[in-house]
Amino acid sequence: MTIRVTHTHGEAVAVTAANGTEILRYVYRPDPDPFEARKPYAHPLRTLSGRTVTGYRPHDHRWHKGLQMTASHLSGQNFWGGNSYVHGEGYLRLPERVGSMRHDGFPEFTAEEDRLALTENLTWIEYGGEEWAREVRGLTVHSVDEEAGAWALDWSIRLTNTRSAPLVFGSPTTAGREMAGYTGLQWRGPRDFTGGTVFAPDTDAGADKLMGSQGPWLAFTTEHDDVDGHSTLVFAHAPENLDGAFAIHDSHWFVRAEPFPTVAFSWAFFEEFALPPGESFAYRYRLVIADGAWDRDRVGTHLDDLPW
């Protein structure tokens, strides 16, 4: 299926499928509230039939915005947004800990008939204005398949420490809160994904037991409100994320279906890791956004047909 790319310069990039459905909007002009960790995000994401599969500024966490790159605990700063977890005190409103990510341009931007591939330069800035890290981000929309009712989004990150001191990555779990190891690329679902079905390969475990686990992919399916239909999201690691070729630290799934739907590719769930000055790490991820209630076999087969 062909796509149409619209770039509103200084604000956002949108991708529309041939049937007229806007399937992705990547917003790089940040929202105004610094407490929500001003940074780019992808919202809305939609299936080819037009089902919205991302949530934006939900009442429980205003800083949850579609699909976004985050770092909840980074050398005392919060690049996730909102309240910061402090062991023994819980979640506190500490605006002086909330950082931001600055969009510095698109050095590569290729829009083809059936594919969008862009590279974005960003700078991670702590609350006081000091530049801490340089990120090269990649987004690719591809494999828009009307017959399968699905399309794919690849998201990559290469982050370099530009400080003179190590950058220490952690999470609420590394700070003392059990099984709350969220950080990294995070998806927030809309309200009708609450209570949805979560599954992974080679196990019958649901969301609760998959929290903190490892694996090549994770899927989340739900039945929508308003319309008669289901949607499935698949979250997948590139092979090198799991074999340690480029990633600096092992990844674990952060996943909840209740009380709200969310998934994160957490790179510091149980243990902190340090990125020395001048050093870099890299990860690649894939999301498949599909109409219908896919099962384990269908997810596995579809992923096998999408080479990296």
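Biologist: Where does Asp226 lie?

Modeller: Asp226 sits in the loop between the strands β16 (217-223) and β17 (230-237); a strand here is a DSSP run of type E, at least two residues long, numbered from the N terminus. Before we go on, residues are numbered from 1 along each chain as its sequence is written. You're looking at a predicted model, where local features need pLDDT of at least 70, side-chain atom pairs count only at pLDDT 80 or more, and totals for chains, interfaces and linings use all residues, while side-chain values use heavy atoms and leave out hydrogens and water.

Biologist: What is the phi of Asp226?

Modeller: Most residues other than glycine have a negative phi, and most peptide bonds are trans. Asp226 isn't a glycine, yet its phi is positive, about 75°. Its relative accessible area is 86%, so Asp226 is exposed (buried is under 20%, exposed over 50%, partly exposed in between, with a 1.4 Å probe and protein chains only).

Biologist: And what about the phi of Ser75?

Modeller: Ser75 is not a glycine either, and its phi is near 50°, a positive value. You'll find Ser75 in the loop between β6 (73-74) and β7 (84-86). With a relative accessible area of 29%, Ser75 is partly exposed.

Biologist: Let's try peptide bonds. What kind of peptide bond joins His43 and Pro44?

Modeller: That one is cis, and omega is about 0°. Pro44 belongs to strand β4, residues 41-45. There is also a cis bond between Glu258 and Pro259, with omega at about -5°. Pro259 is in a loop, between β18 (252-256) and β19 (262-266).

Biologist: Sheets confuse me. Which strands stand at the edges of the sheet β6-β13-β20?

Modeller: Start with pairing: two strands pair if DSSP finds at least two bridges between them. This open sheet has three strands in the order β6-β13-β20, paired antiparallel. β6 and β20 (273-275) are at the edges with a single partner strand each, so one side of each has no neighbour in the sheet. Look at β6 and β13 (residues 167-170): they pair antiparallel over two bridges, and His73 stands opposite Gly170 in β13.

Biologist: How many strands are in the open sheet that contains β9 and β15?

Modeller: Eight, in the order β9-β10-β11-β12-β21-β17-β16-β15, again with antiparallel pairing. Here β9 (100-112) and β15 are the edge strands, each with a single partner, so each has one side without a neighbour in the sheet. Inside that order, seven bridges link β17 to β21 (residues 280-291), and the two run antiparallel. To trace this pairing, pick Leu233 and look across to its bridge partner in β21, Ile289.

Biologist: One last residue. Is Asp192 with or without a salt bridge?

Modeller: Without, even though Asp192 is buried. A salt bridge is a side-chain nitrogen of Lys or Arg within 4 Å of a carboxyl oxygen of Asp or Glu. For charge, Lys and Arg count as positive, Asp and Glu as negative, and His and the chain ends are not counted. The nearest side chain of opposite charge to Asp192 is Arg191, and it is 8.3 Å away.

Biologist: So where is Asp192, and what is it in contact with?

Modeller: Asp192 is in the loop between β14 (184-188) and β15 (197-199). Setting aside neighbours within four places in sequence, Asp192 is in contact (heavy atoms within 4.5 Å) with Thr222, Glu223, His224 and Asp225.

Technical notes
Helices (H or I, at least four residues) and strands (E, at least two) are DSSP runs, numbered from the N terminus.
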